[in-house]
Amino acid sequence: MRRVYASFLPIALVSVACTSNPQTESAASSTTSVSTSASSAPMEDTRAVAGGGISAAGWTGQIDASEAKRGQMIANAKLASEGAGLHVTTGPAVAYWNPANTATGNYTVKATFTEPKDMNVNDHPHPYGIVIGGNDMGTAAQSYLYCAAYGNGTFIVRGFGPEPFQLNGRRGESNAAVHKAAGKDSPVTQDIAVSVNGDKVNCAINGTVVGTYNKSDVVGPGKLKSTDGVYGVRFAHNTDGTVTGLTVTKP
């Protein structure tokens with residue numbers, strides 16, 4: 001019997017800046033995004049969102065250190081409640097979380113991410129996804145893992161410990177399970193779930209497990225402090241979308 005713990009509002013997609021750092025969505029916290037051809041991504045400046053900030057009750061966030069070094073701030077991205085979910089518009093690459101949302105032991109965190117208009121605020125696909133294992137969040141020592149999808153059929157699994165690290169390569173991987181937008185300004189939706197089960201960590205997208213990793217490759221020096229911790233969402237720079245059904249379940 002599965003126990004459902006916290007359910008969360010739809011959340012808008014937060015984007016990450018496309019610069020030259022491989023960790024930003026081609027890696028984890030840098031600023032180089034994955035292009036549709038998985039080749040070198042074009043340069044794209046991080047914008048500042050008008051009327052930005054966090055208005056969703058109980059939620060907080062932190063932009064990537066690489067973004068902060070370029071003068072960006074959390075107020076340059078926007079997180080707001082929208083119906084039963086969340087709407088995020090970026091701005092700098094950012095992770096958002098509610099400190100009350102934690103998961104321990106074996107669990108699955110899932111949510112549905114929707115870009116109503118793919119690439120409406122950027123010139124190439126940017127990722128968004130689930131955050132787990134958050135510890136020391138909001139500090140320079142924060143650590144977390146995330147699995148994120150692009151609207152071009154690609155996904156990445158990255159983290160901070162607190163420096164960025166990668167689990168599936170600098171530019172991620174393509175997988176048939178990841179939905180592709182029909183074209184610019186077309187809608188695209190991804191159901192993303194990250195599970196911890198024994199000594200394995202899995203990422204599933206649209207019902208298919210696209211990546212399985214040993215916990216020993218996820219937890220340790222320079223990586224996660226633990227898979228226990230806060231869960232939330234992450235968006236790359238210059239992205240706009242919603243998140244619905246953010247939920248944790250226990251086996």
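This report describes the disulfide, a buried strand and the aromatic pairs of a predicted model.

## The disulfide

A search of the whole structure finds one disulfide. The link joins Cys147 to Cys203, with an S to S distance of 1.9 Å. A disulfide is a covalent bond between the sulfur atoms of two cysteines. The angle about the S-S bond is -65°, and the link of Cys147 and Cys203 is left-handed.

Cys147 belongs to strand β9 (residues 143–149) and Cys203 to strand β14 (residues 200–205), so the pair ties together parts that are 56 residues apart in sequence. Both Cys147 and Cys203 are buried.

## Strand β16 and its partners

Strand β16 spans residues 229–235, and seven of its seven residues are buried; the strand is therefore largely enclosed by the rest of the structure.

Strand β16 pairs with strand β6 (residues 94–103) through six bridges, and the two run antiparallel. Within this pairing, the bridge partner of Tyr96 is Val233 in β16. Strand β8 (residues 128–135) is also joined to β16, in this case by five bridges, and again the two strands run antiparallel. Here Val131 stands opposite Gly232 of β16.

## Aromatic contacts at strand β16

The count of aromatic pairs comes to five. One of them is formed by Phe113 and Phe235, whose ring centres are 5.6 Å apart. The planes of these two rings meet at 55°, so the pair is tilted rather than edge-to-face, a class that requires an angle over 60 degrees.

Phe113 lies in strand β7 (residues 107–115) and Phe235 in strand β16, so their pairing ties together parts that are 122 residues apart in sequence. Phe113 is buried, with a relative accessible area of 0%. Phe235 likewise counts as buried, at 0% relative accessibility. Phe113 and Phe235 also form one aromatic cluster together with Tyr128.

## The pair of Tyr144 and Phe160

The rings of Tyr144 and Phe160 have their centres 5.1 Å apart, and their planes lie at 50°, so this pair is tilted. Tyr144 is in strand β9 and Phe160 is in strand β10 (residues 154–160); the pair links distant parts of the chain, 16 residues apart. Tyr144 is buried, as is Phe160.

Strand β9 thus holds Tyr144 of this aromatic pair as well as Cys147 of the disulfide.

Note on methods. Residues are numbered from 1 along each chain as its sequence is written. This is a predicted model: local features need pLDDT of at least 70, side-chain atom pairs count only at pLDDT 80 or more; totals for chains, interfaces and linings use all residues. Side-chain values use heavy atoms; hydrogens and water are left out. A disulfide is a pair of cysteine sulfur atoms within 2.5 Å. Helices (H or I, at least four residues) and strands (E, at least two) are DSSP runs, numbered from the N terminus. Buried means under 20% relative accessible area, exposed over 50%, partly exposed in between (1.4 Å probe, protein chains only). Two strands pair if DSSP finds at least two bridges between them. Rings of Phe, Tyr and Trp (its six-membered ring) pair if their centres lie within 6.5 Å; planes under 30 degrees apart count as stacked, over 60 as edge-to-face and the rest as tilted.
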